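Me: I've got a structure open and want to know where its labels come from. Can you take me through the values and cut-offs behind them?

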Amino acid sequence: MVGSLGLFSLVLVAVLSSLIGVHSFYQILNKRAKNLGLIRSFSLSSAFFSLTSVALLGYAFVSDDFSILYVAEHSNTQLPSFFKLAAVWAGHEGSLLFWVLTISIWSGVIALQKHYSNEYQSRVLWVMNLLLAIFAWFTLFASNPFEMNSILPLEGRDLNPMLQDVGLIFHPPLLYLGYVGFSVVLAFAVAALLVDPIEFDWVVHCRSWCLVAWIFLTAGIILGSWWAYYELGWGGWWFWDP
């Protein structure tokens, strides 16, 4: 049940972001910038459903729902609860789902802003939702974290012991917020070229977004450096992380 609800939420994210992409592309072709309210609503809805999807996956981990393949492969009943929650982004599928969440959150925050022109803001949200749609559909078809187990196991495989560390709780989310945050800079730049006349103040508009993303990314790299050093020294698989 939890897996089905999480999957349904992720499907809604993919559909809503795709609808924004198609709708905004039609506006661009016809040189129109109406229905910003609709684009904002869909962007905020995508953020909500992305958060719901991640929260449901986290609940599946905490409740030891091994009917979900991803949970069975990255957790077990003896794993502490805080590591179970962090295991949401410990594997490939969960990382992509968290990536989807991060894009949608950034898009939702942009949608709440009121100090841009309607046309320019709609173009920014169009680019962000195109990225969101790409990652959401890819996650659904190639890296679905809600894939069901063919056989219900009594116990999971456990989380990689090297990942059972406080670094896993904070390091990946900080990196994702930083990496994906720079997609906002891309969106502001592309949107500036799509409006008439060109929005030459796009650098001013995205400066604060760029600084926030840079802070998150820097914090993630510093934490990763500390984690890689005390876990492995300057050797092993992650010695290059810093």
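Me: Why is Leu44 called partly exposed?

Reply: The relative accessible area of Leu44 is 34%. Buried means under 20%, exposed over 50%, and partly exposed is what lies in between, using a 1.4 Å probe and protein chains only. So 34% lands in the middle class. Keep in mind that this is a predicted model, where local features need pLDDT of at least 70 and side-chain atom pairs count only at pLDDT 80 or more, while totals for chains, interfaces and linings use all residues. Residues are numbered from 1 along each chain as its sequence is written, and side-chain values use heavy atoms, with hydrogens and water left out.

Me: What is Leu44 in contact with, leaving aside its neighbours within four places in sequence?

Reply: Gly108, Ala111 and Leu112. Contact here means heavy atoms within 4.5 Å. Leu44 itself lies in helix α2, a helix being a DSSP run of H or I with at least four residues, numbered from the N terminus. As for Phe188, its C-alpha is 18 Å from that of Leu44, with their positions 144 residues apart in sequence.

Me: How do you know that Tyr176 counts as buried?

Reply: Tyr176 has 13% relative accessibility, which is below the buried cut-off. This residue is in helix α7. Setting aside positions within four places in sequence, Tyr176 touches Trp89, Ser95, Phe98, Trp99, Thr102 and Gly181. Its C-alpha is also 11 Å from that of Leu97, although they are 79 residues apart in sequence.

Me: What makes Lys84 and Asp64 a salt bridge?

Reply: Their closest N and O atoms are 2.9 Å apart. The rule asks for a side-chain nitrogen of Lys or Arg within 4 Å of a carboxyl oxygen of Asp or Glu, so the pair qualifies. Side chains of opposite charge can pair when their charged atoms come close. Lys84 sits in helix α4 (residues 81–86) and Asp64 in the loop between α2 (36–62) and α3 (69–74), so the bridge ties together parts 20 residues apart in sequence. Lys84 is buried at 5% relative accessible area, whereas Asp64 is partly exposed at 21%.

Me: What is notable about the phi of Asp64?

Reply: The phi of Asp64 is positive, about 55 degrees, though the residue is not a glycine. Most residues other than glycine have a negative phi, and most peptide bonds are trans.

Me: Which peptide bond is cis, with omega near 0 degrees?

Reply: The one from Asp196 to Pro197. Pro197 is in the loop between α7 and α8 (202–232).

Me: How many salt bridges does the structure hold?

Reply: Two. Besides Lys84 with Asp64, there is Glu119 with Arg123, whose closest N and O atoms are 3.8 Å apart, so this pair also meets the distance rule. Glu119 and Arg123 are four residues apart in helix α6, which means about one helical turn separates them. Arg123 is buried at 1%, while Glu119 is partly exposed at 26%.

Me: Why is α1 called oblique to α6?

Reply: Helix α1 (residues 2–29) and helix α6 (residues 118–142) pack at about 140 degrees, with axes 8 Å apart. Axes are lines fitted to C-alpha atoms over the stretch in contact, and angles run from 0 to 180 degrees between N-to-C directions. Under 35 degrees is roughly parallel, over 145 roughly antiparallel, 65 to 115 roughly perpendicular, and the rest oblique. That puts α1 in the oblique class relative to α6.

Me: What makes α1 and α2 roughly antiparallel?

Reply: Their axes cross at roughly 160 degrees and come within 8 Å, so this angle goes past the antiparallel cut-off.

Me: And α6 with α7: why oblique?

Reply: The axes of α6 and helix α7 (residues 166–194) cross at roughly 130 degrees, within 8 Å, which fits none of the named ranges and therefore counts as oblique. Residues meeting there include Tyr120, Trp126 and Leu131 in α6 and Leu186, Phe188 and Val190 in α7.

Technical notes: Helices (H or I, at least four residues) and strands (E, at least two) are DSSP runs, numbered from the N terminus.
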